[in-house]
Amino acid sequence: NDLSLILWDLFSQKEEVLALKAHSGTINTIKCSKVDQTIYSAGNDKLIKLWNPQEKICLKTFSGPRSSIYTLEIFENYQFFACSGEDPRIFLFSQPA
């Protein structure tokens, strides 16, 4: 309930690998990029955050939706990602350079 993004070691299932103070509301979805191993998180605070888990920092925060975000997809070409939620629109974002 502390609104953190937490990564766990799947093999030991006990070791917390990373904990980031992520959002001011519940996190509803996360996606991992296969290309650069960044992590995207989105939730009830209407924000999408791009994380570098190796450096333990937020690289960028994206806004646009006016309500909670429930889904997030990264396009196969990794140039764009999209999100949707309570807002009746789909939001498309270009990847940061």
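Tyr70 is partly exposed, with a relative accessible area of 38%. In this predicted model, Tyr70 belongs to strand β7. Once its neighbours within four places in sequence are set aside, Tyr70 is in contact with Asn28, Thr29, Asn44, Ser84, Gly85 and Glu86. A related pair is Tyr70 and Ile30: they stand 40 residues apart in sequence, and their C-alpha atoms are 9.5 Å apart in space.

Strand β7 leads us to the interior of the protein. The largest nonpolar core comprises 12 residues: Tyr40, Ala42, Ile48, Leu50, Phe62, Ile69, Leu72, Ile74, Phe81, Cys83, Phe91 and Phe93. Five strands each supply at least two residues of this core, namely β4 (39–43), β5 (47–52), β7 (69–74), β8 (80–85) and β9 (91–94). Which strand gives the largest share of this core? That strand is β7, with 3 residues.

Apart from this core lies another one, of 6 residues, which includes Leu5, Leu20, Ala22 and Trp51.

Allow me to take one member of the larger group, Leu50. Beyond the neighbours within four places in sequence, Leu50 is in contact with Thr38, Ile39, Tyr40, Ile57, Cys58, Leu59, Lys60, Phe62 and Pro96. Two of these partners, Tyr40 and Phe62, are themselves listed in the 12-residue core.

Ile39, another partner of Leu50, deserves a moment of its own. Is Ile39 buried or exposed? With a relative accessible area of 3%, Ile39 is buried, because the cut-off for that class is under 20%. Ile39 lies in strand β4. Neighbours within four places aside, the contacts of Ile39 are Leu5, Leu7, Lys31, Cys32, Lys49, Leu50, Trp51 and Pro53. Among these, Leu5 and Trp51 are members of the 6-residue core, while Leu50 is a member of the 12-residue core. The C-alpha atoms of Ile39 and Cys58 are separated by 9.3 Å, with their positions 19 residues apart along the chain.

I turn now to two residues in strands β1 and β2. Ile6 is found in strand β1, residues 4–8, and counts as partly exposed at 33% relative accessibility. From Ile6 to Asn28, 22 residues apart along the chain, the C-alpha separation is 13 Å. Asn28 has already appeared here as a contact of Tyr70. Val17 lies in strand β2, residues 16–21, and is likewise partly exposed, at 48% relative accessible area. Val17 and Pro53 are 36 residues apart along the chain, and 9.5 Å separates their C-alpha atoms. Pro53 was also named among the contacts of Ile39.

Next, the backbone. Most residues other than glycine have a negative phi. Against that background, two lysines call for comment. Lys46 has a phi near 70°, a positive value in a residue other than glycine. Lys46 sits in the loop between β4 and β5, and it is partly exposed, with a relative accessible area of 36%. Lys56 also has a positive phi, of about 60°, although it is not a glycine. Where is Lys56 found? Lys56 is in the loop between β5 and β6 (57–63). At 53% relative accessibility, Lys56 counts as exposed, because that class begins over 50%.

Let me finish with the chain as a whole. The protein chain has 0 helices and 9 strands. Read along the sequence, its pattern is therefore β-β-β-β-β-β-β-β-β. What radius of gyration would a compact globule of 97 residues have? The expected value is near 13 Å, and the protein chain has 13 Å, so the two agree. Along its principal axes, the C-alpha trace spans about 40 × 30 × 20 Å.

Of the 97 residues, 37% count as buried. Among contacts between residues at least 6 apart in sequence, 26% join residues at least 24 apart.

As for the surface, the protein chain exposes about 6300 Å², and carbon and sulfur atoms supply 51% of that area. The protein chain carries 10 positive and 11 negative side chains, and the centres of these two sets lie 5 Å apart.

Technical notes
Residues numbered from 1 in each chain as written. Predicted model: local features only at pLDDT ≥ 70, side-chain atom pairs only at ≥ 80, totals over all residues. Heavy atoms only, no water. Core = buried A, V, L, I, M, F, W, Y, C linked by side-chain atoms within 4.5 Å. Buried < 20%, exposed > 50% of the residue type's maximum accessible area, 1.4 Å probe, protein only. Helix = DSSP H or I, 4+ residues; strand = E, 2+ residues; numbered from the N terminus. Contact = heavy atoms within 4.5 Å. Rg over C-alpha atoms; globule rule 2.2 N^0.38 Å. Areas by Shrake-Rupley, 256 points an atom, 1.4 Å probe, with all protein chains shown as cover. Lys, Arg positive; Asp, Glu negative; His and termini not counted. Charge placed at Lys NZ, Arg CZ, Asp CG, Glu CD.
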